[in-house]
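Please read the following explanation alongside the sequence and the coordinates. It begins with the contacts within one chain and ends at the place where two chains meet.

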Amino acid sequence: MERVVVIGASLAGLRAAQAVRAAGHESSLVVVGDERRLPYTRPPLSKQLLAGEQTSDDCAFPGTDAVACEWRLGSPAVAVDRERKSVALAAGDAIPYDRLIVATGSRARAWPGDGAALRGVHTLRAVEDALALRAALTAGPQRLAIVGAGFIGCEVAATTRKRGIDVTLIDVAPQPMVPLGPELGARCAELHMGHGVDLRLGTGVTGLRGTDAVEGVDLADGTTVDAELVLVALGALPNTEWLSAAGIALDERGGIVCDATLTSVSDADVLAAGDVVSWPHPLADGAAVRVEHWTTAAEHGGVAGRNAVVDDPAERAAHVHPPYFWSDQYDIKIQAVGFPALGTRLEIVDEDGPRLVAEARDASGRLVGAITFNNAKRLAAYRRQLATEAVAA
Amino acid sequence: MKVRVDMNLCQSHGECVFPAPDVFELGDDDVLRWKEDVDESRRAAVEEAVNACPMMAISIDE
């Protein structure tokens with residue numbers, strides 16, 4: 001096996017490249033990235049970077065210069081030829097591979113209607129997006145409207161309220177942070193209201209107003225939210241369209257259909273890592289899952305990188321870690337492990353002021369996930385328990 | 001080797017506790033405790049902890 005090519009130069013791609021080398025692969029290793037920057041960490045983009053507490057340099061991953069690989073940055077991969085085993089880049093050249101690791105991540109879902117290009121309408125995914133939003137927030141606007149009350153929307157609401165800017169947080173769902181379930185979603189709603197956020201829940205957005213610059217957001221309930229800035233935070237789409245013409249199986253939401261070892265079911269020489277992967281998880285009874293969180297991207301990179309240098313697919317290792325995610329909003333650290341949304345009931349088992357512990361169980365009473373507010377030690381204990389169960393499953 | 005944690009960055013995710021439980025520990029107050037002087041034999045585990053930290057708060061002094 002001569003050459004490993006990693007497509008995607010963010011967290012999953014970086015960890016994959018490091019794992020390929022750590023596993024003893026000594027010949028060619030190429031990492032392709034569409035952004036011009038070396039890999040950087042994204043969680044601060046909606047928090048510390050947006051708040052001005054960190055710079056873009058602070059977000060750069062350390063250790064990238066120690067990875068013995070060729071970085072091909074600034075040009076996305078646009079096609080793969082599986083017969084010739086070659087990947088075409090937008091810049092025009094083709095890179096041959098023996099093993100391919102796809103770690104192309106996701107992009108922010110744009111506003112689907114008119115007005116997406118109005119001045120003052122933002123999305124948040126890359127460093128440049130965060131710097132543009134930060135510049136706009138420091139230019140003296142009075143009002144920010146956020147369309148979508150998920151992770152990005154809620155975190156940006158919290159960061160922006162610290163600047164004293166009026167924030168309206170809008171979602172078609174009846175609660176913010178849907179993955180937390182209705183009960184904890186209600187706690188999040190209280191948290192944001194307590195910090196002066198105007199919550200508009202259970203109502204969709206029908207349009208963005210404005211001719212050159214955005215002036216407001218029209219809601220399905222007939223009201224209008226005036227705002228000089230709008231953040232569209234409608235979630236993310238996996239960057240996998242470029243693979244479909246090559247006959248690499250994608251699921252209905254664009255995830256690359258993989259087995260438990262993160263190997264494409266269409267091609268044993270194609271592996272995947274991070275947001276793009278759809279793979280069967282033991283804690284979901286073997287159902288396919290797709291996870292868009294930091295820790296899973298890091299773990300996937302390690303597994304896919306090690307597996308890529310194993311020739312016999314039967315000897316590759318499965319990825320069984322329970323997913324872990326977090327969100328920082330105001331002075332609350334929300335942490336979760338496993339698949340809380342797969343539970344049939346969520347029970348708050350401990351509560352002490354802003355600290356909270358909740359367990360998600362399925363119909364048989366089996367623990368499938370846990371969520372804590374400001375209780376990292378308890379969350380770590382659940383994580384250990386679920387990791388043990390996942391290995392045993 | 002010396003293990004450093006920048007406590008201005010640490011946010012008690014506890015990622016480091018899994019690869020190297022003998023080096024890192026979350027206290028009952030959710031504040032991280034760790035051993036500064038760690039035997040060379042644990043380097044691989046500590047490097048794993050360095051890579052697992054979402055806040056990039058952990059470093060190793062040779």
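**From one chain to the interface**

In chain B, of the contacts between residues at least 6 apart in sequence, 62% join residues that are at least 24 apart. This is a predicted model, and its confidence deserves a word before the fold is described: the average pLDDT of chain B is 95, with 100% of the residues scoring at least 70, while the model as a whole has an ipTM of 0.92 and a pTM of 0.96.

The elements behind those contacts in chain B are one helix and four strands, which follow one another along the sequence in the pattern β-β-β-α-β. The globule rule gives 11 Å for 62 residues, and the radius of gyration of chain B is close to that at 10 Å, so chain B is as compact as a globular protein of that length. Taken along the principal axes, the C-alpha atoms of chain B fill a box of roughly 30 × 20 × 15 Å, and 34% of the 62 residues are buried.

Chain A can be described in the same terms. Its secondary structure comes to nine helices and 26 strands, and its C-alpha trace spans about 60 × 55 × 35 Å along the principal axes. For 393 residues a compact globule would have a radius of gyration near 21 Å, and because chain A has 21 Å, the value agrees with that expectation. Of the 393 residues in chain A, 48% are buried, and among its contacts with a separation of 6 or more, 61% are accounted for by residues 24 or more positions apart.

How many residues of each chain are in contact with the other? The contacts involve 13 residues of chain B and 14 residues of chain A; sorted by class, the side of chain B that touches chain A consists of five nonpolar, five polar and three charged residues.

The helix of chain B offers a more detailed view of the packing. Helix α1 of chain B covers residues 43-52, and its buried residues are B:Val46, B:Ala49, B:Val50, B:Asn51 and B:Ala52. An α-helix has 3.6 residues a turn, so residues three or four places apart point the same way. What do the buried residues of α1(B) pack against? Within chain B, their partners are the strands β1 (2-5), β2 (24-26) and β4 (58-61), and in chain A they are the helices α1 (11-22) and α8 (294-308). The buried residues of α1(B) therefore pack against elements of both chains, with the interval of 3.6 residues a turn serving as a guide when reading along a helix.

Key. Residues are numbered from 1 along each chain as its sequence is written. Chains are lettered from A and ligands numbered from 1 in the order in which they are written. This is a predicted model: local features need pLDDT of at least 70, side-chain atom pairs count only at pLDDT 80 or more; totals for chains, interfaces and linings use all residues. Helices (H or I, at least four residues) and strands (E, at least two) are DSSP runs, numbered from the N terminus. The radius of gyration is taken over C-alpha atoms; the globule rule is 2.2 Å times the number of residues to the power 0.38. A residue is buried if 20 or more other C-beta atoms lie within 10 Å of its own, exposed if 12 or fewer, and partly exposed in between; C-beta atoms are placed from the backbone. Two residues are in contact if their C-beta atoms, placed from the backbone, lie within 7 Å. Ala, Val, Leu, Ile, Met, Phe, Trp, Tyr, Cys and Pro count as nonpolar, Asp, Glu, Lys and Arg as charged, and the others, Gly among them, as polar. pLDDT is the predictor's confidence in each residue, from 0 to 100.
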